[in-house]
Each structure stands twice: as C-alpha cells, then as structure tokens.
Amino acid sequence: MLDKDRIPKHVAIIMDGNGRWAKQKGVPRVAGHNAGMKAMKKIVDHSDKLGIKYLTVYAFSTENWKRSVEEVSGIFGLLVKYVNSELQELIRNNVKVTVFGDYSMIPEDAKRSLEKTLEQTKDNTGLQFNIALNYGGRDEIKKAVCAIAEKVKAGELQPEDITEETISAHLYTGVHNYDCPDPELMIRTSGEIRLSNYLLWQTAYSEFVFTDVLWPDFTPAEYEKAIEEYQSRDRRFGGR
Ligand code: IPE
Ligand code: IPE
Ligand code: MG
C-alpha cells in the first residue's frame, strides 16, 4: 500500500530494455521503442494521478548517437508521434513539458513538434514532465562550468562566491522556470545496475530502485511497487 503522504516530489526514470523486449518478441528494435513510448504515456498519466510534481525520463543520451542511423531516426520519429498525438491531452491535464539536453541537432520535424509542445505547455502548473533528450550528466555539468566561468570572466561573479547552489542553478534542473528539486527516487528498468551518465549531480542522495522488468512491460502497478520500495527506505543523508 502506498503512503499518500510520502509520495516523492520528483521521480527520475531510466527507461531501459526496449531493445531486449523487441528481441524477445522477434520484432525490430524500433517496435520495442514504440512499445516503450506507450509505457511512458501510462507512467506520465499515473505520475499525475499519484500527485508527483516532477517526472524526468531518460529518452536519449549523449552516447545513444553511437547507434545505427535507422534506430536513432526511429526513436526521434516516435518522439514526434508521441508529442503530436499527446499535446492536447497534456494541455488538458495541465502538464508542463520541458527538455533537458541540447536538442538543437535533432531532426527538424522533431524539433518543431517539440518546440510547439514546450511553448503550448509552458504556463501549465500541474505535473512537470522533463524529457532528457541528447542528455548527458557530464555534458550538463560541463555546460554549467562554462556558464559560471563566463560570469567570472565578465566580473559578475567571484570564484569564492561559487557555492553548490550556484552549480545546481546552472543545471537543466535549476534553470529559471524549469526549477525542480533533486529526485528523491531514481528507477532503472531492465536489470542494468548503473547510472549511464544520468543526472550525476542531482542523484547524490536519491534512492535507487532497480527492477528486472523491461521498460515496455513497466506498468503503473510496477511503478507503485517501486514507490513502495522507496517508502520503505531509511533516508539518513549522512546523519545517524
Ligand atoms: C532504452 O532501451 C531506450 C533508449 C536507450 C533510447 P534500449 O534501446 O537501450 O534497450 P536495450 O538496453 O537494448 O534492451
Ligand atoms: C541509458 O540506456 C539511456 C536511455 C535509457 C535513454 P542505455 O541502454 O543507452 O545505457 P547503457 O549503454 O546500457 O549503459
Ligand atoms: Mg539499453
């Protein structure tokens, strides 16, 4: 049973296992990504129902460009399909969509659909749905360091005034109006037990839940199980 008073504010998910799901079914990898999009849609809806304020999903990493052109364009094609078909419902549900990552180099049609979605949902006050796209934790920290160095160079900031908050404020999670707290819970599906360059700074004290379920099979019931597991943890933050 979920404790409604201890629902995490921010959940981060590494949606992994689409390829293995497709292999098991004997279908192309892109069919696995399509099934993954359907699972994602249900998790977005369910996050909203549970009263989670921020959901951040890893949709495409800075390392995923190593995959075949066919798979990469398939993933972006599906993303366009998702945002186009879901936009009205996202608006109806008061969901604010954001992107964590530099999406300037993604295909034009994907970029246009995405920008339309960001624009039309930017004032929504319900669930904030962050899509990590062309995202890498090291890339994010590198970009923050560059932005801070520019401010120091311009004389706007003294090195001795740089705090952890300064760094947090220059990450995707910290930029004005995307502002979201560190995730209390990080979930990874498919049995892999690693971060794969996801939210390196923000997960310093997150609770990690790993499940063997492949992402396309990750249902709202599995999601609730992961949150229950989180609720059973004793979070000490270095204290006693
Ligand atoms: C996750 O599924 C989706 C993306 C990385 C885009 P994978 O495609 O990594 O699935 P596996 O790990 O090969 O099963
Ligand atoms: C992480 O999964 C990225 C996404 C889920 C988008 P990967 O499948 O790319 O990670 P590795 O290669 O197993 O570490
Ligand atoms: Mg994978």
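A polar side-chain atom of S196 is placed 2.6 Å from an oxygen atom of ligand 2 in this predicted model, a polar contact being a pair of N or O atoms within 3.5 Å. R194 likewise has a polar side-chain atom 2.8 Å from an oxygen atom of ligand 2, and for an N or O atom in the side chain of R67 the distance to a ligand 2 oxygen atom is 3.3 Å. Of the 390 Å² of accessible area that ligand 2 has on its own, 77% is covered by the protein (Shrake-Rupley method, 1.4 Å probe).

The shell around ligand 2 (residues with a heavy atom within 4 Å) includes I14, M15, D16, Y58 and R188. Five of the shell residues are nonpolar, two polar and four charged. Strand 2 contributes the largest share, three residues.

Ligand 2 occupies the largest pocket, with more than half of its atoms within 2 Å of the grid points. The volume of this pocket is about 590 Å³. A pocket is an open set of points on a 1 Å grid, accepting a 1.4 Å probe, with protein on both sides within 12 Å along at least five of seven lines; lining residues have an atom within 4 Å of a point. Among the 27 lining residues, M15, D16, A59, N64 and R67 are closest to the pocket centre. Helix 2 (29-50) provides the most lining residues, five.

Residues are numbered from 1 along each chain, and chains are lettered from A and ligands numbered from 1 in written order. Local features require pLDDT of at least 70 and side-chain atom pairs pLDDT 80 or more, whereas totals for chains, interfaces and linings use all residues; side-chain values use heavy atoms, without hydrogens and water.

How values were computed: Points joined across faces, edges and corners; volume = space filled by probe spheres on them. Helix = DSSP H or I, 4+ residues; strand = E, 2+ residues; numbered from the N terminus. Polar contact = N/O pair within 3.5 Å; in protein donor to acceptor, adjacent residues only side chain to side chain. Nonpolar A, V, L, I, M, F, W, Y, C, P; charged D, E, K, R; others polar.
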